[in-house]
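Visitor: Hi, could you walk me through the empty spaces in this one, and whatever is sitting in them?
Guide: Happy to, let's bring up the structure.

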Amino acid sequence: MSEPFTQSPPRLGDQWDDDAFLRDYLARVLPPEVRRDVEPDLAALGALSGGALYDLQLQDRLSEPRLTQWDAWGNRIDRIELTPLWQRAAHVAARHGLVAIPYEQRHGRWSRIHQFAAVYLFHPSSDLYTCPLAMTDGAARTLLGSRHVALIDRAVPLLASRDPERAWTSGQWMTEATGGSDVGTSTTRAVPLDDGTWHLYGKKWFTSAATSEMALALARPEGNGPGGSGLAVFYLETRNADGTPNGIRVERLKEKLGTRKLPTAELQLDGTVAYAVCGTDRGTRNIEPMLRITRAWNSVTAASFMRRAVALARAYAAERRAFGARLDALPLHQETLADLEVATRAATLLAFELVELMGRDEAGEIDDAQRALLRLVTPIAKLLTAKQAVAAVSEAIEAFGGAGYVEDTGLPTLLRDTQVLPIWEGTTNVLALDALLRTHAEAGLGAVQRRIAAAVEGAPPDLADAAAAAAAAAAHAAAWVRAAPDRRETQAGARRFAYTVGRALELALLIEHARWAEREGRRGSAVAAARRFARGRIDEMGDGGADEAESVLG
Ligand SMILES: Cc1cc2nc3c(=O)[nH]c(=O)nc-3n(C[C@H](O)[C@H](O)[C@H](O)COP(=O)(O)OP(=O)(O)OC[C@H]3O[C@@H](n4cnc5c(N)ncnc54)[C@H](O)[C@@H]3O)c2cc1C
């Protein structure tokens, strides 16, 4: 009698060794001495991410954070127990300096590239431990920008510590039940005390990483007017010196579609002692440095989820057989995998374009055009990579057939976790409006067009059409902005605008990479990737319109 058939699972290899695209990108952009210095660290993370951390993630699949609100004697304790992988991830993150690297500035403007390459490798095996890390990085940057010396001295060394026993994480407490996008409607009150501190009262509706030691929170000082300008940014520590909660009650942990290892809580603030970080108004503006950082983390982690999905789908295709052949030998399955690979590269290059600009900015090596580019690319990279990630991970799930839909493969978690990326840190629509209305789109577009021109200059002849398509799409978006449609049409077109600019830039970056690969004598894959991306949808500016949408909706 023949043995029953069992399918071998997809094998995830060392994520540094297996990611030739990441290594090529770093070889292209980093000076050789920086690269030599950072590669051992990245190689170690790649091995962990494809090895011990991934194994633990699969074993730990069913455990979730647990909230204990009361002790046996009736005291309110609100203790949250984290999952085993999260506890391990906290150590790995601190030891590898996932927040610390850009604050140590060992490699000047390349420090951010080093940090985010590490984040990219670590993220998909961390069960979203990158969420608190992103907010921690954002809090450190916001505090440093505030020039509030006492708070900087107190918190930044802990936020940027490499010592797992000392390292802090930070929350970002903005969203209330009244609105996360329209955060100016927040109702949390701040009451001043005689000693210069404040007491906060209100309810924060979504607070991820509720176990953080500190948070930056928005609240409205008594007497301030409505809207975002009437809010202020406050610093608070979640526990008093004796370990008791600082006027904070954890009402419950959210029951979420994904990100289930991440404790996201509803918090009641009832006399929480806090400090004003930078004045007592203009809160939504003053918290922007935090959002700029978390949006970069969102972009890189989107690309990283895509890479994980592709790595697993390709590994599976090398094992699974159908119609007498391995899946990876079937021409139409190859098409599917190639599209996924190209989308992943495009998203990676756009995310790291943002990272490069951030690094220049922080090292003081940025000019006005690059600053304008940074402002426009931040919302666009976040929104586009998040959407690309959801589409790519969903496609990758299908590449496993039924196995992709089965929980104990670990694959459904990947899709559920990815789905958060377009929602938090600004939804797609909100960021598209931000890109168009708040970031001086015209100046930014000039900078995008110049960046595209530089990226495609000297492109291989067989990419000339692709280069022209990138330039034409950006020019189309710029012409639309210059024509200044009325406010209704502008709002209706914001997504199309953001997608067009983002995809045009992605295409140009793929061409730039192909030009480099050609010089290195390995043009094949990079040129084919740019050509394939160019055949997809780049320019959406001519679509839709406010009247049409209204007609459809009746
Ligand atoms: C897992 C998870 C963790 C989170 N963690 C945190 C956290 O730690 N801290 C925190 O502060 N928040 C957190 N959030 C909240 C998150 O940032 C908000 O949910 C998000 O900003 C959207 O806000 P909202 O839920 O109020 O949706 P709404 O603002 O009500 O949006 C609903 C829909 O309307 C659209 N929309 C809104 N305004 C416009 C407009 N002007 N034009 C067109 N469309 C528009 C949006 O795009 C969206 O599709 C978390 C959310 C999740 C899911």
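Guide: We'll go through the pocket, the ligand and then the cavities, bearing in mind that this is a predicted model.

Visitor: Great. What volume does the largest pocket have?
Guide: About 1,400 Å³. Its lining takes in 46 residues, and Gly180, Ser181, Arg295, Glu425 and Gly426 are the closest to its centre.

Visitor: Which elements does that lining come from?
Guide: Those that give two or more residues are α7 (130–146), β3 (170–173), β5 (198–208), α9 (283–286), α10 (288–317), α12 (368–398) and α14 (428–438). The largest share comes from α14, with 6 residues.

Visitor: And how does the lining of the largest pocket divide by class?
Guide: There are 18 nonpolar, 16 polar and 12 charged residues.

Visitor: OK, on to the ligand. Where does the ligand sit?
Guide: In that largest pocket. β5 and α14 are the elements that give two or more residues to the shell around the ligand.

Visitor: Which residues come nearest to the ligand?
Guide: Of the 20 residues around the ligand, those are Gln172, Thr175, Gly180, Ser181 and Thr427. Gly180 and Ser181 may ring a bell, as both are also among the residues closest to the pocket centre.

Visitor: What are the classes in the ligand's shell?
Guide: That shell has 8 nonpolar and 11 polar residues, plus 1 charged.

Visitor: I'd like some distances for my docking notes. Which side chain has an N or O atom 2.7 Å from a nitrogen atom of the ligand?
Guide: That's the side chain of Thr175. Thr427 also uses its side chain, with an N or O atom 2.6 Å from an oxygen atom of the ligand. With Met174 the backbone is involved: one of its N or O atoms lies 3.0 Å from a ligand oxygen.

Visitor: How much of the ligand's area does the protein bury?
Guide: 65% of the 980 Å² that the ligand exposes when taken alone.

Visitor: Changing topic: how many cavities of 30 Å³ or more are there in the whole structure?
Guide: The search finds 3. The largest cavity has a volume of about 100 Å³.

Visitor: What lines the largest cavity?
Guide: The lining is made up of His123, Leu128, Thr130, Cys131, Ala134, Thr294, Trp297, Asn298, Thr301, Leu421, Trp424 and Glu425. α10 gives the largest share, 4 residues, and α7 also supplies at least two.

Visitor: Glu425 came up earlier, didn't it?
Guide: Yes, Glu425 is one of the residues closest to the centre of the largest pocket, and here Glu425 lines the largest cavity too.

Visitor: Last one: how do the residues lining the largest cavity divide by class?
Guide: Into 6 nonpolar, 5 polar and 1 charged.

Terms used
Residues numbered from 1 in each chain as written. Predicted model: local features only at pLDDT ≥ 70, side-chain atom pairs only at ≥ 80, totals over all residues. Heavy atoms only, no water. 1 Å grid on protein atoms, 1.4 Å probe; cavity = no way out; pocket = protein on both sides within 12 Å on 5 of 7 lines; lining within 4 Å. Points joined across faces, edges and corners; volume = space filled by probe spheres on them. Nonpolar A, V, L, I, M, F, W, Y, C, P; charged D, E, K, R; others polar. Near = heavy atom within 4 Å. Polar contact = N/O pair within 3.5 Å; in protein donor to acceptor, adjacent residues only side chain to side chain. Areas by Shrake-Rupley, 256 points an atom, 1.4 Å probe, with all protein chains shown as cover. Sits in = over half its atoms within 2 Å of the grid points.
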